[in-house]
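This briefing covers side-chain contacts in one protein chain, grouped by type of contact. Please look at the sequence and the model first.

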Amino acid sequence: MFNLKLISLVITIFIMSNLSVQNSEIQMEGNQLDALMTGNTVYLIEPNSGGDIILWYGADGKAMARLPSGGLLDGTWEIKENLSCIKWSYDPTKDSCSKLVKRNGEMVLLENGTNRLLGTVKRIVPKNIEEL
């Protein structure tokens with residue numbers, strides 16, 4: 001199962017990196033989000049040089065985040081169609097949904113509905129290496 005996800009991830013990155021269209025914006029689909037996020041730690045560069053946001057997407061649906069301030073958030077996450085949605089414990093009635101987009105050679109996380117930049121993906125690594 002892990003090898004299939006890894007192969008899917010490599011193919012997705014290869015395809016995305018070989019697109020010749022400049023200034024294009026391509027939203028990741030649900031199966032791509034699953035391959036990129038499930039069980040992995042995502043490092044985001046916060047807009048306006050706010051620092052790094054570290055997100056962990058557990059295979060069991062648990063989500064954790066470390067903010068640039070050092071504060072921690074916890075919640076649950078799931079993929080809904082082509083969106084990654086987190087219900088943070090501080091507001092469990094509200095889904096915080098975002099889309100992962102390949103834009104001008106970078107991957108960015110955008111708030112669904114507003115397209116507000118939440119962060120630029122710095123790297124994605126397997127497992128919860130930050131022990132969030």
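R66 counts as partly exposed at 26% relative accessibility, where partly exposed lies between buried (under 20% relative accessible area) and exposed (over 50%), computed with a 1.4 Å probe and protein chains only. The model is predicted, so local features need pLDDT of at least 70, side-chain atom pairs count only at pLDDT 80 or more, and totals for chains, interfaces and linings use all residues. Residues are numbered from 1 along each chain as its sequence is written, and side-chain values use heavy atoms, with hydrogens and water left out.

**Salt bridges**

- The structure holds six salt bridges, a salt bridge being a side-chain nitrogen of Lys or Arg within 4 Å of a carboxyl oxygen of Asp or Glu.
- One of them joins R103 and E25, with the closest N and O atoms 2.8 Å apart.
- This pair links distant parts of the chain, since R103 is in strand β7 (residues 96-103) and E25 in strand β1 (residues 25-27), 78 residues apart; strands (E, at least two residues) and helices (H or I, at least four) are DSSP runs numbered from the N terminus.
- Both ends are partly exposed: R103 has a relative accessibility of 27%, and E25 has a relative accessible area of 44%.
- R66 forms a salt bridge with E130, the closest N and O atoms being 3.1 Å apart.
- That pair also links distant parts of the chain, with R66 in strand β4 (residues 62-66) and E130 in the segment after β9 (117-126), 64 residues apart.
- E130 is partly exposed, at a relative accessible area of 25%.
- D95 and K80 meet through their side chains in a salt bridge, at 2.2 Å from N to O.
- K80 belongs to strand β5 (residues 72-80) and D95 to the loop between β6 (83-88) and β7, so the salt bridge ties together parts 15 residues apart in sequence.
- D95 is partly exposed with a relative accessible area of 24%, and K80 is partly exposed at 32% relative accessibility.
- E78, K80 and D95 are joined into one network by salt bridges that share partners.

**Aromatic rings**

- One aromatic pair is found in a search of the whole structure; rings of Phe, Tyr and Trp (its six-membered ring) pair if their centres lie within 6.5 Å, and planes under 30 degrees apart count as stacked, over 60 as edge-to-face and the rest as tilted.
- The pair is Y57 with W77, and it is edge-to-face because the ring planes stand at 70°, with the centres 4.9 Å apart.
- Y57 is in strand β3 (residues 52-57) and W77 in strand β5, so the pair ties together parts 20 residues apart in sequence.
- Y57 is buried with a relative accessible area of 2%, and W77 is buried at 9% relative accessibility.
- R123 lies over the face of Y43, 3.9 Å from the ring centre; a charge sits over a ring if NZ of Lys or CZ of Arg is within 6 Å of the ring centre and within 35 degrees of the ring normal.

**Disulfide**

- A search of the whole structure finds one disulfide, defined as a pair of cysteine sulfur atoms within 2.5 Å.
- C85 and C97 form the disulfide, with their sulfur atoms 2.0 Å apart.
- The torsion about the S-S bond of C85 and C97 is about 110°, so the disulfide is right-handed.
- C85 lies in strand β6 and C97 in strand β7, so the disulfide ties together parts twelve residues apart in sequence.
- C85 is buried, with a relative accessible area of 1%, and C97 is buried at 17%.
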